[in-house]
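Biologist: I have a model open and would like a close look at one part of it, the inside. Please start with the outline and work inwards.

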Amino acid sequence: MTITISPAAPRDAVEIDELLHTCFPRPAEAVLVKQLAIDGDLVLVLLARDETTRELCGLAALSRMHVDVDGEEVPAVALAPVAVLPAFRSSGVAEALVQGCIDWMRDAGAAMVFVLGEPGYYGRFGFSTELAEGFESPYAGPFFMAMAPQCHAPEGARGRAEHAPAFAALTEDA
């Protein structure tokens, strides 16, 4: 199977919503992506499609964050959600999406990318709990990770990392 990774377009909204409702046991992630778009906080949604069938098999979203490092605002994004249809899991789709997001943000000049997830998985892309631990966040803890694609954030950096307001509904829903 060969997949194609490309940015989403407005015409993809229905497929994105269906994919998120299929991939997650509750509608919170689909609502999150819609709200991020409505609020203007959605920076990028990358889609993975089966090259032969053109079927949407996964997506990864990046949204705007308010992050300061030692009191100075830096351009930063949150990677969430990452979703892959069950039939396409363990086939490299998620890896291609995550790497695509990192590459896109590196090229766009993002100083930091944050993710909440499994350190063993996201660590292979360069995310680290050590970089994130100096940042105040409601998500702070062993699964809160960051990377600095532009190498602007020094080790031991301190500051705050605020996700877009739409993320508050996820913590209220949990």
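Biologist: How much accessible surface does the protein have, and what percentage of that surface belongs to carbon and sulfur atoms? After that, please take me through the largest nonpolar core.

Modeller: The model is predicted, and every value below is computed from it. The accessible surface of the protein comes to about 8700 Å², and 53% of that area belongs to carbon and sulfur atoms.

The outline comes next. The protein has six helices and eight strands. In sequence order they give the pattern β-α-α-β-β-β-α-β-α-α-β-β-β-α. For 174 residues the globule rule gives 16 Å, and the radius of gyration of the protein is 16 Å, so the protein is as compact as a globular protein of that length. Along the principal axes, the C-alpha atoms fill a box of roughly 50 × 30 × 25 Å. Of the 174 residues, 47% count as buried. Take the contacts between residues at least 6 apart in sequence: 65% of them join residues at least 24 apart.

Now the core. The largest nonpolar core has 38 residues, and the members that touch the most other members are Leu-62, Leu-79, Val-113, Tyr-122 and Phe-127. Two or more residues come from each of these elements: the helices H1, H2 (28-39) and H3 (93-108), and the strands E2 (42-50), E3 (56-69), E4 (72-84), E5 (112-116) and E7 (144-147). H3 gives the largest share, seven residues. There is also a second, separate core of 25 residues, with Val-67, Met-112, Leu-131 and Phe-167 among its members.

Leu-62 is a useful residue to select. Neighbours within four places in sequence aside, Leu-62 is in contact with Asp-41, Leu-42, Val-43, Leu-44, Val-77, Ala-78, Leu-79, Cys-101, Met-105 and Val-113. Two names in that list, Leu-79 and Val-113, are also among the core members that touch the most others.

Val-43 is another residue on the list of Leu-62. Val-43 lies in strand E2. Its relative accessible area is 35%, which means that Val-43 is partly exposed. Apart from neighbours within four places, Val-43 is in contact with Leu-62, Ser-63, Arg-64, Val-77 and Met-105. By contrast with these contacts, take Gly-71: its C-alpha atom is 23 Å from that of Val-43, with their places 28 residues apart in the sequence.

Helix H1 (13-23) is one of the elements that give residues to the core. Its buried residues include Ile-16, Asp-17, Leu-19, Leu-20 and Cys-23. Seen down the helix axis, the buried residues fall within an arc of 165°, so they line one face of H1. Val-14 and Thr-22 are exposed on the other side of H1. The buried residues of H1 are covered by H2, E2, E3 and E4, among others.

Just ahead of H1 is Asp-12, in the loop that joins strand E1 (3-7) to the helix. The cut-off for buried is under 20%, and Asp-12, with a relative accessibility of 7%, therefore counts as buried. Its side chain makes a polar contact, at 3.1 Å, with the side chain of Arg-49. Beyond its neighbours within four places in sequence, Asp-12 is in contact with Leu-47 and Arg-49.

Some loops are worth a look too. Gly-126 is in the loop between helix H4 (119-122) and helix H5 (129-132). Gly-126 is partly exposed, at 42% relative accessible area. Residues up to four places away not counted, Gly-126 touches Ala-146 and Met-147. Its C-alpha atom is 17 Å from that of Leu-62, and the two residues are 64 apart along the chain.

Two other loop residues have a positive phi although neither is a glycine: Arg-54, at about 65°, and Asp-70, at about 50°. Arg-54 is in the loop between E2 and E3 and is partly exposed, at 44%. Asp-70 is in the loop between E3 and E4 and is exposed, at 55%.

Last, look at the backbone of E4. Pro-81 lies in this strand, and the peptide bond from Ala-80 to Pro-81 is cis, with omega near -10°.

Key. Residues are numbered from 1 along each chain as its sequence is written. This is a predicted model: local features need pLDDT of at least 70, side-chain atom pairs count only at pLDDT 80 or more; totals for chains, interfaces and linings use all residues. Side-chain values use heavy atoms; hydrogens and water are left out. Helices (H or I, at least four residues) and strands (E, at least two) are DSSP runs, numbered from the N terminus. Buried means under 20% relative accessible area, exposed over 50%, partly exposed in between (1.4 Å probe, protein chains only). A polar contact is a pair of N or O atoms within 3.5 Å; within protein, one must be able to donate a hydrogen and the other to accept it, and residues adjacent in sequence count only if both atoms are side-chain atoms. Contact means heavy atoms within 4.5 Å. A nonpolar core is a set of buried Ala, Val, Leu, Ile, Met, Phe, Trp, Tyr and Cys residues joined through side-chain atoms within 4.5 Å. The radius of gyration is taken over C-alpha atoms; the globule rule is 2.2 Å times the number of residues to the power 0.38. Accessible areas come from the Shrake-Rupley method with a 1.4 Å probe; for residues, only the protein chains shown count as cover. The arc is that of the directions from the helix axis to the C-beta atoms.
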